[in-house]
Every structure is written in structure tokens, then in C-alpha cells.
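This report is for a reader who has not met the structure before. The sequence and the coordinates come first, and a description follows them.

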2 protein chains.
Amino acid sequence: MSIDAWDEIRTAYHVARLGTVSGAAEVLGVHHATVIRHIDALEKRLGTKLFQRHARGYTATEAGQDLMQVAQATDDQFTQLASRLKGRGDSVTGELVVTSIESLSPLLSPVLAEFQMANPGVTVRFVTGDRVFRLEYGEAHVAIRAGTAPNEPDNVVQRYATVQIALYASRKYLGDRVLPIPEDELPNEKFMGYENMDSRAPFYRWMEDKVPRHNIVMRGSDGRSLKHAIRAGIGLGFMQTWEASQYEDLVQVVEPKPEWAAPLWLVTHVDLHRTAKVQAILAHLKAAADSWTLV
Amino acid sequence: MSIDAWDEIRTAYHVARLGTVSGAAEVLGVHHATVIRHIDALEKRLGTKLFQRHARGYTATEAGQDLMQVAQATDDQFTQLASRLKGRGDSVTGELVVTSIESLSPLLSPVLAEFQMANPGVTVRFVTGDRVFRLEYGEAHVAIRAGTAPNEPDNVVQRYATVQIALYASRKYLGDRVLPIPEDELPNEKFMGYENMDSRAPFYRWMEDKVPRHNIVMRGSDGRSLKHAIRAGIGLGFMQTWEASQYEDLVQVVEPKPEWAAPLWLVTHVDLHRTAKVQAILAHLKAAADSWTLV
DNA sequence: ACAATTCTGTTCATGAGTGCACATCACAAA
DNA sequence: TTTGTGATGTGCACTCATGAACAGAATTGT
């Protein structure tokens, strides 16, 4: 059975500490009648006299002194807690959880690593997965979403960068073909796509639209395996321009189309958005985006 | 700067523990609106978000988890305190401070020692002194007072035993005198008295009245030295009958007079009177008095 | 797909707790 | 002795925190 009158204990603590009801009332910022009532209620609740009353003030009994010691410790702990929380709100320390779809991982990882090195006090956790991590359940501080603008309530959404998408193939696949390949001949090429058909990404809808089923020769569930397949020369596949540019053996078969481009969104929960830590990572992400050449 | 909203912390603790406002409200026995208000107020006070709100409930942020740990410890300590105080009210343990005038020390000491052996958990402190120890300042649990009935407020006074006083002398002083000495010849004898003249004890007023100054040959500040002086044969002196009867060499010169008798009073502070410890010592003192043969 | 349940969040009337004023008492100083 | 100060204690008016009711939203069960 726990005590459900912490404020009364706090009142009793100050009375025991100062020795008088009036003094405690002044410190607590309440009327001395309130202090007396708190003491009476607490003694009734505990079934023990905590103080001996006399005209010069209240002196604590053994029980009262015991309570004072416990309350003293509590007061110290609460004070420490308060300063700790105040400091935490203004400084970037502790855990920082960032989530995004898996395909943005190679883009974001170095930025996050950079952020961690700039803020040694913070532990960055970068979680990716097929399921959407929900900010409102505290699963992450920041989410980088792609596609249509998310409009969940209680989430603050900011426009971020835009990822350009183009069609790539390896030199091995192309051989000595002349580029560019005319657009109306593209459906005859072999393609690769994602495992889950319900991907609403515009470039995949373009592919499902234009390319006959039998020419989609491979599907993968993650971007890494698709990338390897393209480089192995199985066929054409969509890639982000910045990622493809890192590989010498990949050739841009079709230039990025505006309708393929995927907008990115920075999403944070409203309860965490104003904290220094979240603001810091947002600023860092934006600064990194400025140095990107995605177009 | 300490926190002055312990109840709000308690509320937040239960919210963090249970995960929902409704659940916390039920445990706390308050309306869920109250819980929401407490959380909002506490977050505003601390300047930090403690929870992320969503339709399924509240999940604690890092700050909230920190608070929960501290509050958990506090709750444990308060629970322990409560059970400790409850036990203390019903059991006779800890310190027991008894005060009386110094002259009652030989009468009470063995009784208190007996009480301590019957209650091993208690530490008896028997304080005597010329100054009156005040119960209302918590200086003692029980006082044994002599003389006129004390009527301090907030003190509960009970009639105790009556100490009989008589005039004694040693055989050495009396020699082969025939007893009793006629009352009108008593002023010619040598007397001993207390140092402080303002003693309002009736037998001393009798002495100051009847005996001329030059026959009061010695004054002492404590009973022990007077007792030794009487046994050494310096003169006559007042003693309590029960104490004098323990010494073979002392002779009762004048029988105890009713007007010399000193009534004893058991005095306790009203705030402590109902505790088991005080009740136990009072019962023990009364039982000891029943076995006395003071008359 | 729809209903039921279970949360949060807000508004408004009410009552418990608070503040005020005054009485009382004890101690100290003039 | 008297006066002044500073403490506890108590009745009364009032305010603020609380509780009730309702609305909205999301999840769960059928």
C-alpha cells in the first residue's frame, strides 16, 4: 500500500525542517492554516503523531524525524531530476532514433555518422525496415519519408530534398548498344523491380504500365540486391542518380524524369519537435542536403 | 530550486508506469481529466516533454523514463516509511525518555531497568536535572513530577503514588537519646536542608518555620550528599520513608506527617499519550507502584 | 466493412481545499 | 506588570482544482 499524498509529506518535511508551521507556510507559499491541515491529515492517514505541538512551534517526534530524513532524500532526488531534465532539454545527449525506408540508408548513413561525430554525447540509432515506424509511439525521433506528403496528425512535416530517379544498366548488359535507346523500344528490354507489387512509386507505375510482364525478369525485396542484379547485367533497373553515379560500370539509359522524382519529407512528432536534440539533427540533415547535387 | 509539486510527479509516475492516462486515473482514484492536467502542468513546469501523446495512450520520453525511475524509488521509500511508522505506533521500540526530579531517581531507576528488560527493543533514557524538562518540546515522553498538580495545557496528568516524608537521623548522631524527641524540643537539634531556599516543598517550609537559622548546619544541592551527611551523623534531615528504610543505621525521629507527603504525578504530552510505547511505560509504572509500601 | 471499445481532450458546474480574519497562547522585553 | 511579538488554532467566504459529460479518433472484434 503506497502513500497517495506526496504533497502532504512535502509539507511535513518543511515543518520538520524549520520547526514552525508559519515558517514552513512561508517557504511553501501557502497559508499556515493549510500547513496545519496537511499535518493533521497526514498524521491521521499514517496513524502516528509526527509532531508535538506547542506555542513555540512544532518539534518532530521520532516518526517525524524519520519522515524528514526520507523526505530530505526525496527532495534531493527531485531537485537533481529537475536540473537533469532541464539540461537534457537544452543539450543534445542521449539516444537519437532516426528511421527511414531502407533504400535511403546509403544516403543517410554517412550524414548520421557525421552528426554523431559532431555531437559525441549522442547515440544515434538508425532504424530501417519495411514496416513504418510510428513516431507517435516513441519509436523514433525523426523519420525521413518518401513519396506523397504524410499527413498524420500530431506530426510536423517539413519538405526535404528530392531524389532523382533514372533507369540504369551495366555496361555488361548494354554491350556495344548505342545510347540513348529510343523510348518506344524500351519495353523490349529486360527489367527489374521490387518484390511488393503494391509499391505506389511513380516510376514503378510507369514500368508496370509500359513494360510487359514477361520482360520483368527479376524482383527483389531490397534495394541492395536489385543494385547487384543491375551491375551483374541482368537488365535495366531504377536507381537513384546519386547512388548510381558512384559506380563506374553503370550507365544511365534514360534520364531522370520529373514525374519519377521522389520527394523526401522530414517528419517529427510535435512533442519532440522543439527539443534541442531534434532541432540539431534537423539542421544537420538540411545542411547536408544543401551540399548534395541530386539534380 | 526544488520542485513543489510532488503529487504531480506521482501522477506522472503512474502514467509512465501504466502507459495510459485512463489507467493511471483509475489507480489514482481521480478523473482522467485531472491526470491530463497534472501532466501538462508538470511538463510546463519542467520545460520538457515527458510523454508523447497518441490515441493508444502516453509513452514516456527519455525524460519521462528518467522521472519514472526516480519516482519509483520515491514510492518505494514512502511505502517503507509508512509501514515503518505504522509498526512504530503499535510496538514499543526506539527511544523512551523519562524525566523526573533527581530525588526520585533511586525509586524509579530499578523500575525503568525492569521495563527495559521486559521490552528489549526499547532504549530507556532517564534524565534528571534541576531544570524542568518540557514535554511539549519533545524533551521527554513521560515526566514524573512531584508536588502540586501540574496543569500545563496539552499535557495529560495522572495521579500517581504518594511519597511519605519523615525526619531521620543516624544512630551515631542520636547516641543513647530516648525517642521520640518531644516536638517542642526539635528546634534545638541540628538540621540539614537543600541548597536552594525557594523549595516550596511543605516539609521544608515547616523546617524554615520552626528551626532557627543557626541550627541548619548544612545545605546540599542534591539528595545523595544530604543522605550521606545524615548517615555521617551531622544532624536531622528529611528523607523519603522507603529510601530511609533501606539503611539500618537511620532512625526515624519524627513520623511522617500527612502535610509533608508529596504526591507524584505522571505527565505525558497529549500527542504522545496514546502511543503504545507511552501506554506501556505508564502501565509498568503503575504496576510497580502497586507493589510499593509507601504508607 | 462496420460496430464496439478504448483511449485522449475539452467544456462547464460543483465541491473540497485554500486564504483570510480573528482568537488564543507563550515568551521576552520594557 | 504590561506590552509586544510571533506562534498555533478555528470559523467563514471564496477560488481553484476536480469531476461529469461529451466529442473525436484510433484500434479491435465481428
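The text below takes up the surroundings of one DNA strand, then the interface of two protein chains, then a single residue. The model is predicted.

**Around DNA strand D**

There are 21 residues around DNA strand D, and those that come nearest are A:Val21, A:Ser22, A:Tyr58, A:Arg134 and B:His31. Of the atoms of the strand that come within 4 Å of the protein, 72% belong to sugar and phosphate. Sorted by class, the surface near DNA strand D holds nine nonpolar, eight polar and four charged residues.

Three side chains have a polar atom at a listed distance from an oxygen of the strand, as the table shows.

| Residue | Oxygen of DNA strand D | Distance |
|---|---|---|
| A:Tyr58 | phosphate oxygen | 2.3 Å |
| A:Arg134 | phosphate oxygen | 2.6 Å |
| A:His32 | base oxygen | 3.0 Å |

Both chains supply elements with two or more residues at this surface. From chain A these are helix 2 (21–28), helix 3 (32–46), strand 1 (51–54) and strand 2 (57–60), and from chain B helix 3 (32–46).

**Between chain A and chain B**

The contact draws 52 residues from chain A and 52 residues from chain B. The size of an interface is often expressed as the accessible area that is lost when the parts come together. Here chain A and chain B bury about 4800 Å² between them, with 57% of that area on carbon and sulfur atoms.

Seven salt bridges are counted between the two chains. One of them joins B:Arg84 to A:Asp66, whose closest N and O atoms are 3.0 Å apart. Polar contact across the interface is found for 19 residue pairs, both residues being at pLDDT 80 or more.

On the side of chain A that touches chain B, two or more residues each come from helix 1 (6–18), helix 3, strand 1, helix 4 (62–90), strand 3 (94–100) and helix 10 (270–273). Helix 4 of chain A gives the largest share, 18 residues. By class, the residues on this side of chain A are 20 nonpolar, 14 polar and 18 charged.

**One residue at the interface**

What does B:Thr74 touch, leaving aside its neighbours within four places in sequence? B:Thr74 is in contact with A:Trp6, A:Thr74, A:Gln77 and A:Phe78. B:Thr74 itself belongs to helix 4 (residues 62–90) of chain B. Is B:Thr74 buried or exposed? Its relative accessibility is 1%, so B:Thr74 counts as buried, the cut-off being under 20%.

Technical notes:
Residues numbered from 1 in each chain as written. Chains lettered and ligands numbered in written order. Predicted model: local features only at pLDDT ≥ 70, side-chain atom pairs only at ≥ 80, totals over all residues. Heavy atoms only, no water. Near = heavy atom within 4 Å. Polar contact = N/O pair within 3.5 Å; in protein donor to acceptor, adjacent residues only side chain to side chain. Helix = DSSP H or I, 4+ residues; strand = E, 2+ residues; numbered from the N terminus. Nonpolar A, V, L, I, M, F, W, Y, C, P; charged D, E, K, R; others polar. Contact = heavy atoms within 4.5 Å. Buried area = accessible area lost by both parts, 1.4 Å probe. Salt bridge = Lys/Arg side-chain N within 4 Å of Asp/Glu carboxyl O. Buried < 20%, exposed > 50% of the residue type's maximum accessible area, 1.4 Å probe, protein only.
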